[in-house]
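The following exercises concern the strand pairing, the cysteine link and the model confidence of one structure. Each task is followed by a worked solution.

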Amino acid sequence: MMDPAAEQRSRRRAGLGLAGILLSLLAVVGVVAALVIARNVTAPPNTPQHQAPPGASVDAGPATEPGWDVAAQRALALRPMLVLPAEAAQPRELTTQTAGPDIPLPAPAETVGRWIPGGFPRTPEGALAQLKAFNETGVQGGDPAIYARAYAEMSLPGAPVVERTGLHTLLTSFRKRVGIAAGETMPGLSVRYEATHGLIKGSTDEGRYVVVCTLGQLSFDYKGQTIALGVGDCQALRWTGTAWRISPGVQAALASNAWPGSLEAVKAGYRALGGGA
């Protein structure tokens, strides 16, 4: 006899159509937008240092660390991004305006035998290229469990927990709404993320700590029909001496979600990506 929860998921999947996927995605993007607002809430002056207001970003590691300007890192990472309505993520007319020239990305130097391409140089563009490679690899298939594995591979000890990231939240919430458990496959459904735009929010510690963001199309193909939304992701990356990894400390403020190339994307500061990444 089928488990009641499994039977309910099966019924939901059987009735899932392209319109249902779109409605679920829009709802999830709305949830992420709400998280952006919640995590920008400032703790009241009398809030104890060991506590944080609901939804606010918190330290994942020690308050201080020798050799790093933790205060500057916090200020950069937590600086809010532009909050856009959920509808801005839907396909819309492109604009000829830009937020600046294209960002040239270096190609990965390490691909053979690697799940996530690496070997990017110690430059802000190298950090952005690493984030692009990580996101496109981790989101492939739309399984939050796979994204979490990629995140663990890319993270240093003390990095923010994956459950608080925008992409993991989006994938988890989407699967819950349409009745697909983590690690479970759904015949006829494929998911991919292609980052076409991005921004370099800033850097500290002589360029060893960089906050970068990707913006791309999160595409869902179901039985030959495809829908897509514009989804952004921001991460704080640290140079280890040989590679870029997700940094210990606070989680970067959640990214603006917008359709790539739209006026909203330009207002958020996203620029087209170029180069060989």
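**Exercise 1.** Determine which residue of β6 stands opposite I103, and place this pair in its sheet.

*Solution.* Step 1: I103 stands opposite L273 in β6. The model is predicted: local features require pLDDT of at least 70, side-chain atom pairs count only at pLDDT 80 or more, and totals for chains, interfaces and linings use all residues. Residues are numbered from 1 along each chain as its sequence is written, and side-chain values use heavy atoms, with hydrogens and water left out.

Step 2: β1 and β6 (residues 271-275) run parallel and are joined by three bridges. Strands (E, at least two residues) and helices (H or I, at least four) are DSSP runs numbered from the N terminus, and two strands pair if DSSP finds at least two bridges between them.

Step 3: On the β2 side, β6 pairs in the antiparallel sense over two bridges; R271 in β6 is the bridge partner of G198.

Step 4: The resulting open sheet has six strands in the order β1-β6-β2-β3-β4-β5, with mixed pairing. Its edge strands, each pairing on one side only, are β1 (103-105) and β5 (244-246).

**Exercise 2.** State which strands helix α3 lies across, and at what angle it runs to β2.

*Solution.* Step 1: Helix α3 (residues 70-78) lies across β2 (189-204), β3 (209-222) and β4 (225-239).

Step 2: The angle to β2 is about 130°, where axes are lines fitted to C-alpha atoms (for helices over the stretch in contact, that is, heavy atoms within 4.5 Å) and angles run from 0 to 180 degrees between N-to-C directions.

**Exercise 3.** Identify which cysteines form a disulfide, and describe the link.

*Solution.* Step 1: A search of the whole structure for cysteine sulfur atoms within 2.5 Å finds one disulfide.

Step 2: C213 and C234 form the link, with their sulfur atoms 2.0 Å apart. The angle about the S-S bond is 105°, and the link is right-handed.

Step 3: Because C213 lies in strand β3 and C234 in strand β4, the pair ties together parts that are 21 residues apart in sequence.

Step 4: Both C213 and C234 are buried, meaning under 20% relative accessible area (1.4 Å probe, protein chains only).

**Exercise 4.** Find where pLDDT stays under 50.

*Solution.* Step 1: pLDDT is the predictor's confidence in each residue, from 0 to 100; the chain mean is 82, and 75% of residues reach 70 or more.

Step 2: Over residues 36-63 pLDDT stays under 50. Where pLDDT is low, the predicted coordinates should not be read in detail.

Technical notes
Buried < 20%, exposed > 50% of the residue type's maximum accessible area, 1.4 Å probe, protein only.
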